[in-house]
Amino acid sequence: MESSNSSSVAVLVVALALLFLSTKVCSQGGPQVPQGPLVPCFYVFGDSLVDNGNNNGILTLARANYMPYGIDFPQGVTGRFTNGRTIVDGLAQLLGFPLFVPPYSSTRGRALLRGVNYASGASGIRDETGNNLGDHLSMNQQLENYASTVQQMRRMFRRNDTELENYLSKCIFYVGMGSNDYLNNYFMPDMYSTSSDYNPKTYAALLLQDYSRQLTELYQLGARRIIVTAVGQIGCIPYQLARYNDNGNGSRCNEGINMIVSLFNTGLVKLVDRFNKGGLPGSKLVYANLYESAKELVTNAPNYGFEVVDKGCCGVGRNNGQITCLPLQPPCDDRRKYVFWDAFHPTEVANIILAKKAFSSKSRTDAYPINIQQLALLELNQNK
């Protein structure tokens with residue numbers, strides 16, 4: 001009898017010791033990462049920076065369904081406008097999703113519940129943006145496609161709108177728009193009249209007015225955790241550098257272009273504040289400041305292993321930015337040393353760094369007013 005009691009005590013002591021050790025390891029290594037995704041679903045809206053194949057089947061020059069695009073992506077060529085993962089691919093992994101968010105063009109049935117990517121290369125806030133490149137899905141059209149998704153999900157939830165609203169309130173919505181409204185609209189005076197119709201300040205206000213309406217519509221369709229991204233430093237991409245003459249002023253970038261874009265970004269922060277202060281009750285918006293995050297990445301390039309910050313890894317002409325990467329064109333050998341993949345888009349390595357900054361940075365310069373990880377874990381008050 002004593003032997004049996006002694007064995008039980010020994011087992012209990014060992015179990016407690018193992019529990020103590022595992023707790024100690026967790027405390028030393030930081031918080032435990034929960035099993036499974038932090039959120040049930042992830043929906044993406046945007047342009048070529050996050051498009052993963054929606055443009056493959058439409059008549060447009062804004063397509064990337066050919067090599068060497070996707071050369072470093074596990075599934076090869078998919079339609080992503082980079083050599084590997086995009087920033088939302090990186091965020092999906094950080095959120096704990098085992099698979100990448102699929103494109104709307106090929107997603108059906110219950111897969112819609114886990115998330116969909118509606119992004120389309122060349123698209124913008126304005127419907128006419130990107131028409132110079134052919135067909136595309138503007139933000140308004142992407143919202144129409146999402147509305148159709150919501151109707152399909154209503155049937156899956158047996159038209160229990162309360163349950164569906166509760167489900168969608170836990171999801172993350174990523175919206176990255178505005179770049180093409182400058183690149184393929186305002187800065188193309190031969191194709192569009194916007195630069196003669198509006199001064200930079202008025203144009204930014206016009207874009208923000210339309211964007212505010214679109215984000216409100218997204219909210220009305222169930223979105224409660226919304227990420228909006230800054231327009232990046234367009235004046236520093238290889239496409240612009242190939243056309244820029246600094247006239248001896250020593251600037252690497254076209255700062256005139258960057259100043260114009262900054263007007264939009266400044267207004268977007270104010271829009272986020274307005275929505276977070278009761279403009280969209282029961283919701284939370286995060287501003288992912290890709291403008292400043294990318295600027296810091298280039299400024300401190302050696303710290304991240306980058307050696308080339310002003311040329312595309314693949315492209316033609318000055319800075320590899322006059323013509324974007326051509327079919328079957330050999331890219332640079334070591335993509336890890338390049339910030340830019342082609343004339344417009346970051347490399348996979350740069351995308352993953354930007355994703356990590358937005359996801360977990362403690363600096364409000366990278367993510368404001370909280371980061372994406374905090375957004376995913378936030379308890380939202382749904383009593384409107």
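Q: Which residue is the bridge partner of Arg 225 in β4?
A: In this predicted model, Arg 225 has Lys 284 as its bridge partner in β4.

Q: What makes β3 and β4 a pair?
A: The cut-off is at least two bridges found by DSSP. β3 and β4 (residues 284–288) have five bridges, running parallel, so they count as paired.

Q: How do you know that β2 and β3 pair too?
A: Same kind of check: four bridges join β2 (residues 172–176) to β3 (residues 225–229), and at least two are needed, so this is a pair as well. These two strands run parallel. Val 175 has Val 228 as its bridge partner in β3, and Phe 173 stands opposite Ile 226.

Q: Why are β1 and β7 called edge strands?
A: Because each of them, β1 (42–46) and β7 (367–368), pairs on one side only, with pairing taken as at least two bridges. They sit at the ends of the order β1-β2-β3-β4-β7 in an open sheet of five strands with mixed pairing.

Q: What makes β3 mostly covered?
A: Buried means under 20% relative accessible area, and five of the five residues in β3 are buried. Arg 225, Ile 227 and Thr 229 point one way, Ile 226 and Val 228 the other way, and all are buried.

Q: Which helix lies across β1, β2 and β3, and at what angle does it run to β2?
A: That's α7 (residues 200–220), at about 160° to β2. Angles here go from 0 to 180 degrees between N-to-C directions, so a value of about 160° puts the helix roughly antiparallel to β2.

Terms used
Residues numbered from 1 in each chain as written. Predicted model: local features only at pLDDT ≥ 70, side-chain atom pairs only at ≥ 80, totals over all residues. Heavy atoms only, no water. Contact = heavy atoms within 4.5 Å. Buried < 20%, exposed > 50% of the residue type's maximum accessible area, 1.4 Å probe, protein only.
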